[in-house]
Amino acid sequence: MEQRFAAQNLQAHPTAFQTRWQAPSNIALIKYWGKKSPQTPLNASISFTLANAVTQTQVRFSPKEEEDQKLSFSIQFEGVVKPDFRPKIQRFFDHILPYQPFLTAYHIDIESKNTFPHSSGIASSASSMAALAACLVDFEAQLAPMSEEHRLLKTSFLARLGSGSASRSTQGPMMVWGKHPVVSNSSDHWATPADNIHPIFTDFCNTILLIDKGQKQVSSSLGHKLMHNHPYAEQRFDQANNHLRDLLPILESGDLEAFIPIVEKEALHLHAMMMTSDPYFILMKPNTLQVIEHIWAFRKDSKLPISFTLDAGANVHVLYPNSVAKEVSNFIDNQLLSFCEQRQLLHDRVGTGIKKY
Ligand code: DP6
């Protein structure tokens, strides 16, 4: 038990409370892939917090007539009751209850929606767990006032117990999660903002090309498990930590030429892990490769600092500084859009994290 996040106070006479928070998705540059139970990452990761792809969550806490020590909640997503969302939320509550034991005195109604299409293949667990955690911590802060710093740390701490990458969705512009020797305040338990990010990266763009909008072929939980007994696991965890060590000074200096190979290697190595696990998977689609080759050819010809990353699926995240947004946008429309399912893409950029809405 992390004593620092034990709930301080129980309220003798509970009253109703309602709150609404939104949290963004994030895109990792150094990937978290492999964890120990319950939610301890096997290497440190860093991500851009996004601005437009957000989950908005409203939570109502209604005091129970009689406290029964059992957690009781309802969940609606985009106006529809979602029984299939319950197991994941139940597991989340099971994990966080030791840190918010007062929750059993209430019935909790959760209503949530995304600003991006649910069936886009974009992982929504990061934004949804961070938004829910923000609501829960806001409620706790009403019962037992806490500093802003503690509120943000506890939100990241609880969000991580729901989904590892959710720990990185609480603040911006870039968040580090996982203990790392060169990041002084880093922790396996919560994420913290990376210091001294060069302005070129605080204004970065991320266009998400929807290559395959279907259900994820490999869930993250299965994916992380595939790293147990993986023949290259130890080398991969070392590589990710070394990549982070090398990337941090680049993020400070704004050196785009050095940024690109690290970020693209990370994306390809994440997929290499999946191709070499047992069982093995290829999560890229033919159009993923087409897009990557077009990005490489365009970069060579135009000399513009455009690059890509991938998450655990076929979609491609195109990364570029805002200063070249016009040229890149023309390139995407003319050369990449035809590789997207139903010509769909999402324009996003670096953002700031959770907020009340
Ligand atoms: C490939 O955070 O979705 O996106 O902790 O099991 O919920 P759980 O996994 P999750 O894994 C994210 C994997 C990734 C890389 C990353 O975001 O760092």
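Me: Where does Gln69 lie?

Reply: This is a predicted model. In it, Gln69 sits in the loop between strand 4 (45-63) and strand 5 (72-77).

Me: What is the phi of Gln69?

Reply: Positive, at about 65 degrees, although Gln69 is not a glycine.

Me: Next, the peptide bonds. Which residue does a cis peptide bond join to Pro38?

Reply: Ser37. Omega there is about -10 degrees. Pro38 is in the loop between strand 2 (35-36) and strand 3 (40-41).

Me: And which peptide bond leads to Pro279, cis or trans?

Reply: The bond from Asp278 to Pro279 is cis, with omega near 5 degrees. Pro279 also has its place in a loop, the one between helix 7 (256-275) and helix 8 (286-302).

Me: Now the ligand. Which residues come nearest?

Reply: Start with the shell, counting a residue if a heavy atom lies within 4 Å of the ligand. Here 15 residues surround the ligand, and Tyr32, Lys35, Ser163, Gly164 and Ser165 come nearest.

Me: How many of the shell residues are nonpolar, polar and charged?

Reply: Five are nonpolar, seven polar and three charged.

Me: Which side chains should I check for polar contacts to the ligand?

Reply: Look for pairs of N or O atoms within 3.5 Å. Tyr32 has a polar side-chain atom 2.6 Å from an oxygen atom of the ligand. For Ser163, the distance from a side-chain N or O atom to a ligand oxygen is 2.7 Å. Ser220 also places a polar side-chain atom 2.9 Å from an oxygen atom of the ligand.

Me: How much of the ligand does the protein bury?

Reply: Compare with the ligand taken alone, which exposes 460 Å². The protein buries 92% of that.

Me: Why does the ligand lie between domain 1 and domain 2?

Reply: Look at where the shell comes from. Domain 1 (2-196) and domain 2 (204-349) both contribute residues to it, so the ligand lies between them.

Me: Let us turn to pockets. How much space lies in the second largest pocket?

Reply: Rolling a probe the size of a water molecule over the atoms shows where empty space is left. The second largest pocket holds about 210 Å³. It is lined by 13 residues, and Val182, Val183, Asp195, Leu248 and Glu252 are the closest to its centre.

Me: Which helix gives the most to the lining of this second largest pocket?

Reply: Helix 6 (residues 233-253), with four residues. By class, the lining has seven nonpolar, three polar and three charged residues.

Me: Why does the second largest pocket lie between the domains?

Reply: Apply the reasoning used for the ligand. Both domain 1 (2-196) and domain 2 (204-349) give residues to the lining, so this pocket lies between them.

Definitions and conventions. Residues numbered from 1 in each chain as written. Predicted model: local features only at pLDDT ≥ 70, side-chain atom pairs only at ≥ 80, totals over all residues. Heavy atoms only, no water. 1 Å grid on protein atoms, 1.4 Å probe; cavity = no way out; pocket = protein on both sides within 12 Å on 5 of 7 lines; lining within 4 Å. Points joined across faces, edges and corners; volume = space filled by probe spheres on them. Helix = DSSP H or I, 4+ residues; strand = E, 2+ residues; numbered from the N terminus. Nonpolar A, V, L, I, M, F, W, Y, C, P; charged D, E, K, R; others polar. Domains from an automatic or database assignment. Polar contact = N/O pair within 3.5 Å; in protein donor to acceptor, adjacent residues only side chain to side chain. Areas by Shrake-Rupley, 256 points an atom, 1.4 Å probe, with all protein chains shown as cover.
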